[in-house]
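Student: I have a model open and would like to test the labels people attach to it. Could we go through a few of them together?

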Amino acid sequence: MFRFPRPPRSLAGQLFAMQVLLVAVVLAGCAVFAYATARGQAEEAARLQAGAVARAVADSPSVVEAVRGAGRGTDPSAALQPYAERVRVDSGVDFVTIMSPAGRRWTHRDPRRIGEPFLGNTAPALRGETFAETYTGTLGPSIRVVTPLLDDGRVVGMVSAGITVRAIRDRLARQLSALVWVAAGALTLGGVGTYIVNARLRRHTHGMNAAELSGVYDYHQAALHGVREGLLMLDGRRRITLINDAGRELLGLRGEVRGTAVADLALPPPLTGALLADRPRVDEVHLTADRVLVVNSSPVAGGGRRGTVVTLRDHTELQSLAGELDNERGFTEALRSQAHEAANRLHTVVSLIELGRADEAVEFATAELELAQALTDEVVTAVGEPVLVALLLGKAAQAHERGVELIVTRDSSAVDTGPGTPPARDLVTVLGNLVDNAVEALTGTPGGRVAVTVRHEGESEGEHEGEHILIRVTDNGPGLPEGAGADVFRRGWSGKGEGRGLGLALVRQVAHRHGGSADAAPASDGGAEFIVRLPVRRAVRT
């Protein structure tokens, strides 16, 4: 007959069975030990009781006097039998036998046995010694004590008192019955307590057995260290209980951090606030010293404040590519605008030719061409780096559309992009965001003007030591709010309101990543001035 295999017990069930079995074995061992101890104590108590009764009878003057009468031909049983029975009943022993030195009984519990020989050893008593033994007599196996009866130092008789083994067993059974009830109560109480504990354990382990829990742990470890996203688990007190390798790398953590409070990790305040928040966070962008992170958090379900699960994704490269894409879109818009302007100018030239004013048409076209070429030559000569040239030309066209003039100052110089200089992508991030911020601040302001300075400063140039690239953007707009200072580079700060600013935060991140600086201050003409210095690290030749 086919039988379906029984599913393995849950871990809680296995522990429950093991604990109940363990409690039962311990109680059984205790019961056996208690029985053996109680039996030994009962036998010892019987020997002491019988010895005390036998010595008391042997020391009784009336007994000695009755035995003396036996030497004068008087039967001592008449006086000794009633006395021995009273002592037996009062003392609780099973028999008290008084006998002659020859071992013939003068008393017995069964009067018909009087006069018969005593069954047992008497030699030590005849030598004047008191001894105990277990012997089978007329009443069955018994523990007995035999002591000599002395008269002026002579052994004139012997006294034996004893308790049957059956009586000892009956006493022991009564004691053990109470022990059994105590053991049963302890087993029941232990079983109930174990069941309650294991029921709670079953809830926490979701009824899984040891193999399933081991499998879950193995998969958990593999998933934890295999995913590229950062993973943090925080307890109710916002301490780290678990973090994977990617999480350590993204947050820049070193050493053992489990058990450390989030507030003690020295993370940027906005990121710390996101990790400490009670409500869920969905795809929030936060900045560290050198990374752009997307943060998602979710409270752990189960009632009460049991913690939070946080995931981190690295969007540093994506954000940089998004910035480059925005610049490309800006270039496209600039080309579209220039194409539109070129079409207008071309229509003007054609109209002048149709009107027979060819000389004026040539003069107009030449002037426009010289103006465009002059701007290009100015930027190329001042900056040199093709990527930055293209960026500034595109930004100039965009600014022109918004009614803002963008110029490159005369103190700019060609940027050396050789080994040790920051990559062109980071230069685009810094310059593009600074220009966008300035143009946006000047939009709608008559006569708005943005001045850009880009130059390569050697170790002996400028106020700062060390070779570096200087990027300065100055505008004549409304300027910075009073007391803004370094807050303008904080993620979320914006002149248009909280929650919008990211560009200036990216500027500071790039500067810090390269060991440089980013500063903001009021400009001399009332606007704002942003200065970024990016160090150049040349390889040391040996």
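Tutor: Happily! Let's start with a pair of strands: β5 and β9 (residues 308-314) are paired antiparallel through five bridges. Keep in mind that this is a predicted model.

Student: What makes β5 and β9 count as paired strands?

Tutor: Pairing takes at least two bridges found by DSSP. β5 and β9 have five bridges, in the antiparallel sense, so the label holds by the criterion of at least two. To see the pairing on screen, find Leu234, which stands opposite Thr308 in β9.

Student: How do you know that β5 is paired with β6 as well?

Tutor: By the same kind of count: three bridges join β5 to β6 (residues 240-243), and the requirement is at least two. These two strands also run antiparallel, and Leu232 stands opposite Ile243 in β6. The hairpin they form has five residues between the strands, and Arg238 there takes a positive phi near 60°.

Student: What makes you describe strand β5 as mostly covered?

Tutor: The count of buried residues: of the five residues in β5 (230-234), four are buried. Each of those four therefore falls under 20% relative accessible area.

Student: Which residues of helix α8 are buried?

Tutor: In α8 (residues 269-276), they are Leu271, Thr272, Ala274 and Leu275.

Student: Why are they said to lie on the same side of α8?

Tutor: Because they cover an arc of only 160° around the axis. As for partners, the buried residues of α8 pack against β5 and β9, and also against α7 (245-251), β7 (281-287) and β8 (292-299).

Student: Now to the surface. Why is Tyr195 called partly exposed?

Tutor: Its relative accessible area is 48%. Buried would need under 20% and exposed over 50%, so a residue in between is partly exposed. Tyr195 lies in helix α5 (residues 165-205).

Student: What makes Tyr195 eligible for a nonpolar patch?

Tutor: A patch residue needs over 30% relative accessible area, and Tyr195 has 48%. Tyr195 forms the patch with Val192 and Ile196, and together they have about 310 Å² of accessible area.

Student: How much of the whole chain is buried?

Tutor: Buried residues make up 39% of the 542 residues. The chain exposes about 30600 Å², with carbon and sulfur atoms supplying 57% of that area. Its secondary structure comes to 13 helices and 14 strands.

Definitions and conventions
Residues numbered from 1 in each chain as written. Predicted model: local features only at pLDDT ≥ 70, side-chain atom pairs only at ≥ 80, totals over all residues. Heavy atoms only, no water. Buried < 20%, exposed > 50% of the residue type's maximum accessible area, 1.4 Å probe, protein only. Arc of directions from axis to C-beta. Contact = heavy atoms within 4.5 Å. Patch = residues over 30% accessible without salt bridge, like charges linked within 9 Å, V, L, I, M, F, W, Y side chains within 5 Å. Areas by Shrake-Rupley, 256 points an atom, 1.4 Å probe, with all protein chains shown as cover. Salt bridge = Lys/Arg side-chain N within 4 Å of Asp/Glu carboxyl O.
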